Amino acid sequence: MSPTPAKPGGTRIPSRRTVLRGAFTAAVVTGTAGALLPLLDRDPAAADRPAPAPGPGFGSRATTEEFVEMYRGREIRGTATVVVPAGAPADDRAAVAAEPVTEIRIDGRPLHVMRRADGTYLSDVRHYESYPTLRETARAAVDELGSARLAPPAAHRM
């Protein structure tokens, strides 16, 4: 290995390894700051507002969709409840970002429903199609079931 070349004035030129290490460190610091910025980017006026009253459990609850109806001779019930973590900002961003807890029952038996990333729903009965609302998801499941009943939920054992 040859020593690092010197400039005519006697100062040393940084090695390639030193330059790359510095660039990598700067990239890591920038990426970390970008990832942590949403946590630190709070609305200063939010501190002046009162915190939402906590509901049962660890957060406040807001029901976004709820229905009960008879459809083709079957009783369908559905709810989507957003649980906002306690201590979250009191604005609408926290409610939009929180994942809703969904439940659909057909004749009293639960229908497993999943929410997709685009906000639509799909069920175990109709898992190849998604629907914009829980009501439409429940109706599609009833259409697919016909006269059959949902199986009772299986107990998970390990």
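Glu144 is partly exposed, with a relative accessible area of 46%; here buried means under 20% relative accessible area, exposed over 50%, and partly exposed in between (1.4 Å probe, protein chains only). The side chain of Glu144 meets that of Arg126 in a salt bridge at 3.2 Å, N to O. Arg126 lies in the loop between strand E6 (121-123) and H3, while Glu144 lies in helix H3, so the pair ties together parts that are 18 residues apart in sequence. A salt bridge is a side-chain nitrogen of Lys or Arg within 4 Å of a carboxyl oxygen of Asp or Glu.

The model is predicted: local features need pLDDT of at least 70, side-chain atom pairs count only at pLDDT 80 or more, and totals for chains, interfaces and linings use all residues. Residues are numbered from 1 along each chain as its sequence is written, and side-chain values use heavy atoms, with hydrogens and water left out.

**Overall architecture**

The chain contains 3 helices and 6 strands; helices (H or I, at least four residues) and strands (E, at least two) are DSSP runs, numbered from the N terminus. Their order along the sequence is α-β-β-α-β-β-β-β-α. The chain has 158 residues, of which 22% count as buried. Its exposed area is about 11,700 Å², and carbon and sulfur atoms supply 58% of this; accessible areas come from the Shrake-Rupley method with a 1.4 Å probe, and for residues only the protein chains shown count as cover. Among contacts (heavy atoms within 4.5 Å) between residues at least 6 apart in sequence, 42% join residues at least 24 apart.

**Salt bridges and the surroundings of Glu69**

The count of salt bridges comes to 9. Three of them are listed below.

| Pair | N to O distance |
|---|---|
| Glu69 and Arg135 | 2.9 Å |
| Glu75 and Arg77 | 3.1 Å |
| Arg126 and Glu144 | 3.2 Å |

Glu69 lies in strand E1 and Arg135 in helix H3, so their salt bridge ties together parts that are 66 residues apart in sequence. Strand E1 covers residues 59-71. Glu69 counts as buried, at 15% relative accessibility, whereas Arg135 is partly exposed, with a relative accessible area of 28%. A polar contact is a pair of N or O atoms within 3.5 Å; within protein, one must be able to donate a hydrogen and the other to accept it, and residues adjacent in sequence count only if both atoms are side-chain atoms. By this definition, the side chain of Glu69 makes a polar contact with the side chain of Arg135 at 2.9 Å and another with the side chain of Arg139 at 2.8 Å. Glu69, Arg135 and Arg139 are linked in a network of salt bridges. Apart from its neighbours within four places in sequence, Glu69 is in contact with Arg74, Glu75, Ile76, Arg135 and Arg139.

In the pair formed by Glu75 and Arg77, Glu75 is partly exposed, with a relative accessible area of 27%. Arg77 is also partly exposed, at 41%.

**The nonpolar core**

In soluble globular proteins, nonpolar side chains tend to be buried together. A nonpolar core is a set of buried Ala, Val, Leu, Ile, Met, Phe, Trp, Tyr and Cys residues joined through side-chain atoms within 4.5 Å. The largest such core has 15 residues, of which Ile76, Ile104, Ile106, Leu111, Val113 and Leu134 touch the most other members. Two or more residues come from each of E1, strand E2 (74-85), strand E3 (100-106) and helix H3 (134-145). Helix H3 gives the largest share, 5 residues.

Apart from its neighbours within four places in sequence, Ile106 is in contact with Arg74, Glu75, Ile76, Leu111, Ala138, Ala141, Val142, Leu145 and Leu150.

**Gly78 and Val125**

Gly78 is placed in strand E2 and counts as buried, at 3% relative accessibility. Gly78 and Glu103 are 25 residues apart in sequence, yet 5.5 Å apart in space, C-alpha to C-alpha. Beyond its neighbours within four places in sequence, Gly78 is in contact with Glu65, Glu66, Phe67, Glu103 and Ile104.

Val125 is in the loop between E6 and H3 and is partly exposed, with a relative accessible area of 22%. Val125 and Leu150 are 25 residues apart in sequence and 9.0 Å apart in space, C-alpha to C-alpha. With neighbours within four places in sequence left aside, Val125 is in contact with Leu111, Ala141, Glu144, Leu145 and Leu150.
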